[in-house]
Amino acid sequence: MAGIVSSLGVPQSGSAGRYERNPATREAPWVRITLLTLGLAFFGLFLIMPLVAVFHEALRKGWEVYIAALVEADAVSAVKLTLIAAAISVPLNLVFGVSAAWAIAKHDFRGKQLLITFIDLPFSVSPVVAGLVYVLLFGAQGWFGPWLQAHDLKIIFAVPGIVLATIFVTFPFVARELIPLMQAQGRDEEEAATVLGASGWQTFWRVTLPNVKWGLLYGVILCNARAMGEFGAVSVVSGHIRGYTNTLPLHVEILYNEYQFAAAFAVASLLALLALVTLVLKQFVEWNAHRSLKEAST
Amino acid sequence: MTSHVIPSPAAAPHALPAADAGPRRAKRRVLPGFGPSMGFTLFYLSLIVLIPLSAVFIKSAGHGFEAFWAAASTPRVVASYKLSFGLSLLAASINLVFGLILAWSLVRYEFFGKKVVDALIDLPFALPTAVAGIALTALYAGNGWLGSLLAPWGIKVAFTPLGILVALIFIGLPFIVRTVQPVLEDMETELEEAAAALGAHRWQTFRLVVLPTLMPALLTGFALAFARAVGEYGSVIFIAGNLPMVSEITPLMIISKLEQYDYVGATSIAAVMLVFSFVLLLAINGLQAWSSRRNGLEGRK
C-alpha cells in the first residue's frame with residue numbers, strides 16, 4: 001500500500017530551524033519537549049522494539065543455530081521461490097506501470113479517474129481476499145478447475161498461483177509512483193521531440209525515461225519489497241508444501257508454528273535485513289530525485 | 001547531465017513555444033502510442049484484477065441471497081466484523097494522534113537522529129507482515145521484554161484483542177505520518193504569523209489555523225490506515241490467539257472457511273469485505289481530491 005503515500009514529494013527534512021527561530025511558529029520549550037518525548041517514545045515502542053526483537057531472538061541460540069537455519073534445504077528452496085516470484089512479478093508490473101502511466105499521463109480520455117481508481121484496487125483489497133479470488137478461478141472447485149485438472153495443470157497449491165497472487169498485491173506500485181510524476185511533468189518535452197521528428201520509442205527512451213528514472217526506481221524498490229514479503233495472499237494459494245510452495249514468509253510461519261523459534265527468527269531476520277536495505281535504497285533514491293530536481297530548476 | 005538539455009517542467013511551457021503554437025485540437029493527439037499502451041493497460045488490469053475480483057461477486061450471487069446472508073451473518077462472523085472494524089478504528093485513531101505528533105516533530109523540530117527516524121517511519125511498509133507478527137508476539141508474550149513488564153499489572157497483550165490492536169497500530173502508523181508530513185512541509189508560515197500578530201495564543205493558532213489546513217490530509221491518512229487495518233492478516237494472526245468470538249479477525253474467518261472447503265462461506269465474507277473496500281477507496285479518492293484542491297489553493301500566494 002505504500003504507493004498511495006508516495007514520499008518522493010516530501011522535501012528533505014532538515015530545515016526545521018526556520019520554524020524554531022520564528023516566534024510565531026515555535027512552541028514553548030516544555031511543549032516541544034513533551035511532543036518530542038511522546039512521539040519518539042511511541043516510535044521506539046512500536047517500530048524499533050519489534051525490529052530489535054527480530055535480531056535478538058534470531059541470535060539467541062548462537063550463530064551456529066542461526067546459520068544452520070539459513071542453509072537448511074527447505075530454507076534455501078524458500079529463498080529460491082521468493083526470488084522467482086519477485087523476478088516474474090516485478091518486471092511485469094514495471095511494464096504495466098510504464099504503459100499505464102504513458103496512457104494516463106500523456107493522453108486525454110474519458111474515465112481517466114475511474115481507471116486510476118481501478119489500478120488502486122489491489123491496495124485496498126485484503127491480501128486474503130486477493131488469494132481467495134485465484135482459488136475461486138483456478139482451484140479444484142473453481143471456474144477453470146475442471147479444465148486445468150483435465151489437462152494436468154496446477155495453479156493453486158503450486159508455483160503459478162504464488163506468482164499470480166504476488167502480481168496481484170504488487171500490481172499498483174510502479175503505476176502509482178509514475179502516474180502523478182508524469183502528470184506533473186506535462187507533455188511539452190515529448191511533444192517537442194515528436195514535432196522534431198523523433199519516433200514514439202525514441203521520445204520515450206530519450207525524453208520520458210530520463211525524466212522519470214528515479215520515480216521508476218522508487219516504484220520498483222517498493223514493489224520488490226512487497227513481492228518478497230507478501231504473506232496473506234500467498235498463504236491462501238500456497239498449500240504450504242515444504243520445499244515446493246513455500247516462500248520465505250511462509251517458511252517463517254511454518255517454523256514458528258512448529259515452535260522452532262530460533263530458526264523462525266533467523267529466517268525472519270533475513271527478511272528484516274531486506275526491509276532495512278529497502279529503506280536505505282529508498283532514501284538514496286529520494287536523495288537523488290531531489291538533487292536532480294534541484295539541478296533542473298537552477 | 002540531462003538537466004542542461006531538458007528544461008525543468010516548470011520552465012517548459014515558456015521554453016517551447018513552437019510546440020504550443022498549433023491549434024488545441026491538433027495538439028491533443030501529438031504523442032503516439034495511446035492505442036497500444038491503453039490496450040495493454042486495460043488487458044492486464046482486467047486479467048489480473050477486474051476479472052478475478054468479479055469472480056467473488058458472481059460466485060456469491062450464484063449461491064443466492066439466502067445462502068450469502070446465512071454465511072455472512074453467523075454469530076462468529078459478526079463477532080469478527082465487530083472486532084476487525086472496531087479495533088481498526090481504534091488503531092487508526094491512536095495513530096492519528098501520534099502520527100500527527102511525529103509528523104510535526106519531523107517537520108518543525110531539530111533533534112538528534114532525525115534522518116534515521118524519518119527513514120524508519122516506513123519500516124512497516126518494508127517489513128514483511130509475518131516478521132512483524134512474530135516479533136510483536138515475542139515482545140508481548142508473557143516472557144517477552146514488554147510482556148513481562150506488563151504481567152505484574154495483570155495486563156495481557158499477546159493472544160488477546162489488545163495484541164491485535166498493537167499489530168494494527170504498527171502497520172498503520174506510516175500512513176498518517178506520510179500523508180500529513182508533506183502538507184506540513186508545504187504550509188506557509190504567513191497564516192501562523194498573522195494569527196500570532198493578531199494576538200492568538202499558540203494553541204489557538206494550532207486549533208483554528210493549522211489543524212483545519214491539515215484536516216484533509218489527516219482524514220486521508222486515517223482512512224488509509226483504517227482500510228489497511230481491516231484487511232490485515234500477516235501481522236495479526238500470530239499475536240491474536242484466534243479464539244472464536246473473542247479474537248478472530250474477519251480475514252481469518254475467510255481462511256478458516258476455506259480450510260473447511262466452505263467456499264460459499266469464504267466467498268460471502270469476502271464479498272462483504274470487498275464492498276467495504278470499494279466504499280472506502282471511493283472515500284479516500286474523494287478525500288485526496290479535496291486535499292489536493294485545498295493545498296493547491298494554499299500553495300498559490
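**Core and interface of chains A and B**

The largest nonpolar core in this predicted model has 190 residues, and those with the most contacts inside it are A:I119, A:Y134, A:F168, B:I48, B:Y140, B:L214 and B:I254. By nonpolar core I mean a set of buried Ala, Val, Leu, Ile, Met, Phe, Trp, Tyr and Cys residues joined through side-chain atoms within 4.5 Å, with buried meaning under 20% relative accessible area (1.4 Å probe, protein chains only). Helix α12 of chain B, residues 161-186, gives this core its largest share, 15 residues; helices are DSSP runs of H or I, at least four residues, numbered from the N terminus.

Take B:I254. Leaving out residues up to four places away in sequence, B:I254 touches A:V128, A:V129, A:L132, B:A266, B:I269, B:A270 and B:M273, where contact means heavy atoms within 4.5 Å.

Now the interface. Chain B puts 115 residues into the contact and chain A 116 residues. About 10,500 Å² is buried between them, 76% of it from carbon and sulfur atoms; that is accessible area (1.4 Å probe) lost on putting the two parts together, summed over both. B:L31, B:Y44 and B:Y109 supply 7% of what chain B buries against chain A, more than any other three residues.

How many salt bridges are there between chain B and chain A? Two, counting a side-chain nitrogen of Lys or Arg within 4 Å of a carboxyl oxygen of Asp or Glu. A:E27 pairs with B:R202 in a salt bridge, closest N and O atoms 2.8 Å apart.

On conventions: residues are numbered from 1 along each chain as its sequence is written, and chains are lettered from A in the order in which they are written. Local features need pLDDT of at least 70 and side-chain atom pairs 80 or more, while totals for chains, interfaces and linings use all residues; side-chain values use heavy atoms, without hydrogens and water.

Terms used:
Buried means under 20% relative accessible area, exposed over 50%, partly exposed in between (1.4 Å probe, protein chains only). Helices (H or I, at least four residues) and strands (E, at least two) are DSSP runs, numbered from the N terminus.
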